[in-house]
Each structure stands twice: as structure tokens, then as C-alpha cells.
Amino acid sequence: MKEKNKPLSRKGSNRRVYLRLDTVFPVRFKLLSLTEARAVSDWLQGFTNNIGTGGVCITAQGLSEDSALLMRSRQVKLELELDIPTSRSPVTARAQVVWLRETLDREPSGITRRRYLIGTSYEAIDRAQNSRIMRYAWTKRLFFPFFIFLAALLLIAVIGNGYYAGKLAKGNRVLVYELARILQDTGSAKQKIQQINQERQDLQIKIQALESRLDSLQAERQAENEQLNKIEELNAQIERASREKGLLQEHLIALQQRESAVAEELLRLDKRRASLHKTNIDKMYQWISVHQNPRTGLVVSFEGDSAIAEWAFTYDQSLAAQAYVYFGDYERAKKIFAFYEKKAGKTDGLFLNAYYTSDGSPAEYAVRSGPNIWLGIAIMHYTRRTQDTRYLHIAEEIARVILALQAQDADGGLRGGPDVSWYATEHNLDAYAFLGMMHKITKRKIYQDAQDRILAWLLQHTYDMPQVPIKRGKGDATIATDTYAWSIAAIGPEKLNSLGMNPDKIMEFVEGCCAAEILFQRPEGAAVRVKGFDFAPRQHLPQGGVVSCEWTAQMVLAYKIMAAYYSQQSIAVKARLYDSKADDYLTSLASMIISSPSASGQGTSCLPYASKAEVDTGHGWTTPKGKSTGSLAGTVYTVFAYYKYNPLELK
């Protein structure tokens, strides 16, 4: 036998010097004669009580008195078979009986049973098998403390993470609430300045009236100089008027001092507002990032509405991808494109309207031209920014299907999808921008020609009514706010002017029809007055109007485009007017920023889809449910408006 399998021998010792481990597994044993090594009992059943390298303690019940007597007097030795749970065959050993103890166990039923503890010392055991027993025993003994230690570590980590997340969420909510408070204080300060200005104007009018009266009295005094009896009375009137004028001038000086103090406070508030606004915009980008599913790459479209909690609309994915590209977060953008490249289901060559973020399965089976075009637009921005063409084939496939649909229309227009007959202005504006981008990237004339046909269709079918500058679609004179904003963003003021479409009239019309001023109920309970743009003209006035965050942000961007256009034309007055309107509406959107309602959002800033939940938009869908429903489209488009990023123009 090799050395590693040499039996261990323990003779002539009643003491066992070894480490005992509390561990239990089955053991069979039978009594052997000391001299003849023959069995003097059948196999008996027991369990290990503790175990060491030198022996084992066995607990057993039901021993006969004869067997107990033989072991107590050490007239027998034991043959052992130990069943280790990790071993297929039992470990065999021969051992001497060192001691025997007897205890009485009382069961719940009241029956008393004898239990024996048998201390043994190995006489012969295979070295490798003994090592195996000890490894198992140590593993079992150490596993529980290790598990407790690991669980404690995990618990500490969870508590620490929860504390950090709670602290972070609290800090994020404070930012949102502080911005809302600063905006209210700024509004109050502006109101005070307006009141002071009005009061100052009133005082100046009174002073001018007094000065006129003084002039008149002095003239009268001069004329009546010869009438001595009237001179004293006129002098008294002049003195009173002079005193009144002096008091009014003192009041005017105090008013000017008050105005200066309020103006300084307003300046301080404006600086704080600008800082908080920027911080909250950056937190909004963080909200967009944390809601991207790591497995599919899709970003949740709505947070807070349980009915569509896991939906990712293709249009929204385009917006999220463009936000990632704008901030240079290309890996996140690539995850979205990779989903549509490898996993997204298609119908008639186009992607579906919506997928589930968790596994990428279809959530809405409808197929529409617009969302697909927007996905292509996002890929165009990514390709132009990074010079990486790996996803260009997705955009080219979308363009191929779009061109095939366009070829089916004699006027060169684009239907809403392969299985519908209606034409939407917004889809054709999307196509106009997308095809222009495709021409810039690929230099293929086919895209430029298709873009020209789209523009001709728009002029023929949607820009053909003087009383309604832009119709919602072919044969549909309904007014949709986004078609006005996107006309400015996709075609541009200069091009519109050259086509006979006055961009100023377009902006005036939509502002006159669709602008709304409402009381917005913030989630924490405060009501703030905000102004923005409704989905349709006065559609919701009986309810007090509704503000669409996404469409208001689109209009803010349109105002900024108009301001830039007039700045280039050196028409400073109009540029300032449009910039002022853009800032006013963007400030109103800032008043509507809410804290993320989900645990994953950690209270970061986001915007709701609209100022009211479950309201009919007038275009075939209702706003989401819930008082605190974060909207991907509303949030992303507001970020775009803040940074003057036009998704419909390839720069």
C-alpha cells in the first residue's frame, strides 16, 4: 500500500487528542470480538455527534443492555461505515470504544427513550478517506458562519446602498422642489417690479399734472398781479402744490430704491434659477440613462402608468438615442441600434410601434412610417457624429421601404404605413428631413429627388389653405401643434419664405390657436401657473386647457430657430422677441419638472407627458394615467430645447 493510503493506528490510549467538529451524518456500526475479530452483533444505526481526525463520537438509540455493557467494559471494538453526503460509497474504519455515556430523552408525547453517546478512537482508517471526512466536516462547520458573514455583508451593502439611494433621491427631489420654489419667487419678484413700475408711472403722471398746475397758477399769479387781493391766495396754492410735489418726489425716490432692491433680488434669483435649471436638465439626462434596460437596450417610454409601464415606443427610442449621441454616450446609443438590428420584430419591412423593454417582444403590433423614419434619423445623427457606418444599413432599409410606399402615390406623398390609406403631415415632414440626411450621408441623388417630391406633396396637400396654414394631413384640416413646430424645424424659415410660406404667420397662427395658460398641480400639492401649448386648438378649454410638455418643447425649439434666423438677418428686434418667447415657455416647462416616481429613478428630474392625466388629446389617444408619470418624449425634447438641438436638421 502506498504511503498516502497507509492505515492509521491508535493502540493503548484511553484519551483522544484531536479537534472535534459538531457535524452529523449517518453511521452504521457492529460490535467485534477483541480477540477473534468476529461480529458479536448485527449492524446498528447511529449518527455522528462530533468528529475529528482521531476518532468519532456516535449517538445511538435502541441499544440492547448486553451491547451497552460490552462497550462500557471495553470488551469489544467497532466496525464502522460512515455515509458522507458528498461520497457515493461509505467510509469504512475500525475503532476502539473509549467511553460510553447514557442519557434519557423525553419526547413531546411523554415517552422516555435511552440515548447512548459512544466515544471511539480509530484503530484503522484509510488516510485519504479520513481526509475526505475532515474536509466535509470543516466545510460544513465553516459554511454556516461564512454564510452568516456573507449575508451580513450583503445586508450591510443593501442597507448602505438603500441609504445612499435614499439620500440621493432626497437630494434629487430637493433640487426639483427648489427649482419650483425659485421659479415662483422669480415670478413674484417680476410681479413686484411690474407693480412698482405701474406705481412709478402713476406718480410721474401726478407730478406732471402738479407741474402743469403750478405753471398755470404762476401764470395766473402774474396775470392777476395787479389784483392784490388774489395774490395771497395764489401764493398759498402754489406753496401747497410745491409741498405736494416735494412729497411725491420723495415717494418716487423711495419707490426707485425699492425697485433697485427688488431688481437686485431678481438678479440673484435669476442666477440661482439658471444654475438650478441647468442642474435639473442634467438630472433629466441621468433619468433617461438609468431607464435603459441593460439586456435589450430599450428605454422605458412612460414611468408611472402601470398599463404601459414596460413599453418602449420606437419614436421614443429615436429621441433617447439622439440624446445619447448628443452627450457623446455612444455605447448607450449603440445598444438601442443593436436591438433593432438583431432582435426587433418587423412587419412589411418596417419595425413595430412599440416593444417591451424587458425582453424586446412586441407591445404594439401597429406599423407606422413616422416612428421608423425617426429611427433612421437617429442613425443619421450617430453616423454623422461618429463616422461609424455599422448601422447605416438599418436606415437604408427603412429608406427603401419608404421610397417604395412613396412610389405608390402619384403625387409623391407618403402614407402613414403599409396597411393604411391616410396621409399625415408629420410623417411627410419626418420623411423630408430624413431623406435630406440620407442624401448628405450617402450622396445618392435618389434621396434628394424623393425629398423634392415630398416637399411638392406638402405644398399641394397640406400648405394649401390660407385660413389654416398647415393641415394635419391630406384632406384633414384639423390643427395639430407639432406640424407647425416641425415645419419650422424640418424645412426652416428661409426655405419656407422662398416657398411663399411666411414662418412668422405660421408661428403667430399656432400661438393664437394652441397656446394655453393653466394651473398645474405639482405632485407635492403646490399649484403653479404655467403656459405652454395644447395638442389642438382650444380642444380642452372647458377643462381649463392642457399643456403638452413634448409639443411645448418643440415650439420652444421653433422659437429659437426663428431667433437664430433673424439674428443672421441682423433683425435684432425680432430675434429678441423670439428668444424672449422661447425663454418664457422653457421657464414654464421648468415649473413642471417632477421627481422620478420609481425606485430606479432615485428622484431624478423628469417631465410628465402633459399637465393632466387621462385627457383626450384630440388626435386619437389620451395622455397617460397617474399624477407623477415621467415621459421619455417630454423629457428628451425639453433637453433638446434647452441645448438648441434640432433633431430634424443634420449639423
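**Figure 1. Overall view: contacts between residues distant in sequence.** Among contacts in the protein with a separation of 6 or more, 68% are made by residues 24 or more positions apart. The model shown here, and in every view that follows, is a predicted one. Its secondary structure comprises 15 helices and 17 strands. Buried residues make up 49% of the 651 residues of the protein. The close-ups below take us through some of these elements.

**Figure 2. A closed barrel of 6 strands.** Follow the strands around in the order β1-β2-β3-β6-β5-β4 and you will have gone through the closed barrel, whose pairing is antiparallel. From one strand to the next, the twist averages 45 degrees. Strand β5 (residues 91-106) is a good place to pause, with β6 and β4 as its partners in the next two sentences. With β6, β5 pairs in the antiparallel sense over 13 bridges, and here Leu104 has Arg114 in β6 as its bridge partner. With strand β4 (residues 76-82), β5 is joined by 6 bridges, again antiparallel, and Leu80 finds its bridge partner in Ala93 of β5. Strand β6 (residues 112-125) also runs antiparallel to strand β3 (residues 56-61), the two being joined by 5 bridges. Look there for Gln61, which stands opposite Arg115 in β6.

**Figure 3. Helix α1 against the barrel strands.** Which strands does helix α1 lie across? Helix α1 (residues 65-72) lies across β1 (26-33), β4, β5 and β6. Relative to β5, α1 runs at about 115 degrees.

**Figure 4. An open sheet of 3 strands with a helix packed on it.** This sheet has the strand order β8-β11-β12 and antiparallel pairing. β8 (311-313) and β12 (362-364) each have a single partner strand, so these two stand at the edges, and one side of each has no neighbour in the sheet. On average, neighbouring strands of the sheet are turned by 40 degrees against each other, direction ignored. Between β8 and strand β11 (residues 354-356) there are 3 bridges in the antiparallel sense. One pair to find is Phe313 and its bridge partner in β11, Ala354. Helix α4 (residues 314-326) packs on the sheet and touches β8 and β11. The direction of α4 makes about 75 degrees with that of β8.

**Figure 5. The largest nonpolar core, and another one apart from it.** The largest nonpolar core has 119 residues, and the ones touching the most other members are Phe337, Tyr340, Phe434 and Tyr637. Helix α13 (residues 549-568) gives the most to this core, contributing 12 residues. Zoom in on Phe434 and, leaving aside residues up to four places away in sequence, you will find that Phe434 touches Ile373, Gly376, Ile377, Met380, Ala395, Ile398 and Ala399. Another core, of 28 residues, lies apart from the largest one and includes Ile51, Ala95, Tyr122 and Ile125. As background, nonpolar side chains in soluble globular proteins tend to be buried together.

**Figure 6. Helices α6 and α7 crossing.** Helix α6 (residues 369-386) and helix α7 (residues 392-407) have axes that come within 9 Å and cross at roughly 145 degrees. The crossing of α6 past α7 is left-handed. From α6, the residues at the contact are Ser369, Asn372, Ile373, Leu375, Gly376, Ile379 and Met380, and they meet Leu392, Ile394, Ala395, Ile398, Ile402 and Leu405 of α7. Sorted by class, this contact has 10 nonpolar and 3 polar residues, with no charged ones.

**Figure 7. Helix α10, mostly covered.** How many residues of helix α10 (residues 481-490) are buried? The count is 10 of its 10 residues. Among them are Asp482, Tyr484, Trp486 and Ile488. Just after α10 comes Gly492, which takes a positive phi of about 95 degrees.

**Figure 8. Asp579 in helix α14.** Asp579 lies in helix α14 (residues 572-591). Is Asp579 buried or exposed? Its relative accessibility is 33%, so Asp579 counts as partly exposed, a class that falls between the cut-offs of under 20% for buried and over 50% for exposed. Met562 is 17 residues away from Asp579 along the chain, and the C-alpha atoms of the two are separated by 8.3 Å.

Technical notes:
Residues numbered from 1 in each chain as written. Predicted model: local features only at pLDDT ≥ 70, side-chain atom pairs only at ≥ 80, totals over all residues. Heavy atoms only, no water. Pairing = 2+ DSSP bridges. Helix = DSSP H or I, 4+ residues; strand = E, 2+ residues; numbered from the N terminus. Axes fitted to C-alpha atoms, helices over the stretch in contact; angles between N-to-C directions. Contact = heavy atoms within 4.5 Å. Core = buried A, V, L, I, M, F, W, Y, C linked by side-chain atoms within 4.5 Å. Buried < 20%, exposed > 50% of the residue type's maximum accessible area, 1.4 Å probe, protein only. Left-handed = near helix turned anticlockwise from the far one by under 90°. Nonpolar A, V, L, I, M, F, W, Y, C, P; charged D, E, K, R; others polar.
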